[in-house]
Amino acid sequence: MEKQWYLRDREFFSKDFEAQKKRFLEAAVRKVFQKGDIIFLEGEIADRCHYVASGVVRTFNADDSGRDSVVFLRREGEMFGLAEALSRAPRRASAQALTNVELFCMPSADLDRFLAEDYQMARRVITLLGGRLCHLNDLVSSFATGSVLSRLAGFLVTLVYEHIADGGEGSPVEVPVRVTQELMASVTGSTQPTISETLQRLQQEGVISIERRKITILNPPQLMAYASIAPD
């Protein structure tokens, strides 16, 4: 079985759940956030989950000095804030609009009913949260034993995995999100100069190209090898 199956499991409402998606969107509250807007803060009691209809959201933690550590990027089609919304627990991270964002937000009580009435959707949530735990386990292992190169490669792979996992791993793929070197440094626990050097190395080796801040993966198999991800 594919070891990184959870990377392809990004879209919350797959094509098999079109009816459920319609019901969710009808029951949820639409909200629009501008780039830079805070969606919620770490420590707030969660009272709703969020579905990304468009745009990119970053979840992050901030230390006492105010330095941010990015946890995840949530993109179109993804759901976030689920675990805390189900348990009405304090948020474990803050969320901010990285671009202009359109969200559909469902209050916790409505989410409970939505899942109680549909076993397949409840099972989908269990699978999704289980996959995210697997991803977190791999991230912890990478931070403990991996290099900046492997962590950066892994981050780039997560952004394009759905495009390279089904036989397209040999074709160039454009990263669908524009990410700054500062953000990449935050995600990988590195520094901007080190990220710059690592990106230059990947360009010199023909693994990626960068033009006007757009990153294209020219050699997906090599990038996956650096990330220690081998598709079965």
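**Exercise 1. Find the loop that holds R88 in this predicted model, then say whether R88 is buried, partly exposed or exposed.**

Step 1: Look for the elements on either side. R88 sits in the loop between α3 (82–87) and β7 (94–97).

Step 2: Check the cover. The relative accessible area of R88 is 35%. Buried means under 20% and exposed means over 50%, so R88 comes out as partly exposed.

Step 3: Now the backbone. Most residues other than glycine have a negative phi. R88 isn't a glycine, yet its phi is positive, near 55°.

**Exercise 2. Which loop holds R212, and what is its phi?**

Step 1: Go to the loop between β10 and β11; that's where R212 is placed.

Step 2: Read off the angle. R212 has a positive phi of about 55°, although it is not a glycine.

Step 3: Add the accessibility. R212 has 72% relative accessibility. The cut-off for exposed is over 50%, so R212 counts as exposed.

Step 4: Look at the surface around it. R212 belongs to a patch of positive charge, together with K35, R178, R213 and K214.

Step 5: Pick out R178 from that patch. You'll find R178 in the loop between β9 (173–174) and α7 (181–188). R178 is partly exposed, at 47% relative accessible area.

**Exercise 3. Work out the strand order of the open three-stranded sheet and name its edge strands.**

Step 1: Put the strands in order: β9-β11-β10, with antiparallel pairing.

Step 2: Find the edges. β9 and β10 (208–211) each pair on one side only, so they are the edge strands.

Step 3: Zoom in on one pair. β9 and strand β11 (residues 214–217) run antiparallel and are joined by two bridges. Here E174 stands opposite T216 in β11.

**Exercise 4. Trace the open four-stranded sheet, one pair at a time.**

Step 1: Write down the order, β1-β8-β3-β6; the pairing is antiparallel. The edge strands are β1 (29–33) and β6, each of which pairs on one side only.

Step 2: Start with β1 and β8. They pair in the antiparallel sense over five bridges, and F33 stands opposite V101 in β8.

Step 3: Move on to β8 and β3. These two are antiparallel as well, joined by six bridges, with V52 opposite L103 in β8.

Step 4: Finish with strand β3 (residues 48–54) and β6. Two bridges link this antiparallel pair, and H50 stands opposite F80 in β6.

Step 5: Ask how well β8 is covered. Five of the seven residues of strand β8 (residues 101–107) are buried, so the rest of the structure largely encloses this strand.

**Exercise 5. How far apart are the C-alpha atoms of R30 and C105, and is R30 buried or exposed?**

Step 1: Place R30 first: it lies in strand β1.

Step 2: Compare chain and space. R30 and C105 are 75 residues apart along the chain, while their C-alpha atoms are separated by 6.4 Å.

Step 3: Check the cover. R30 has 51% relative accessibility, so it counts as exposed.

**Exercise 6. Which residues gather in the patch of negative charge on the surface?**

Step 1: List the members: E11, D16, E18 and E76.

Step 2: Locate one of them. E76 is in the loop between β5 (68–74) and β6 (79–80).

Technical notes
Residues are numbered from 1 along each chain as its sequence is written. This is a predicted model: local features need pLDDT of at least 70, side-chain atom pairs count only at pLDDT 80 or more; totals for chains, interfaces and linings use all residues. Side-chain values use heavy atoms; hydrogens and water are left out. Patches are made of residues with over 30% relative accessible area and no salt bridge: like charges are joined within 9 Å, nonpolar side chains (Val, Leu, Ile, Met, Phe, Trp, Tyr) within 5 Å. Accessible areas come from the Shrake-Rupley method with a 1.4 Å probe; for residues, only the protein chains shown count as cover. A salt bridge is a side-chain nitrogen of Lys or Arg within 4 Å of a carboxyl oxygen of Asp or Glu. Lys and Arg count as positive and Asp and Glu as negative; His and the chain ends are not counted. The place of a charge is taken as NZ of Lys, CZ of Arg, CG of Asp or CD of Glu. Buried means under 20% relative accessible area, exposed over 50%, partly exposed in between (1.4 Å probe, protein chains only).
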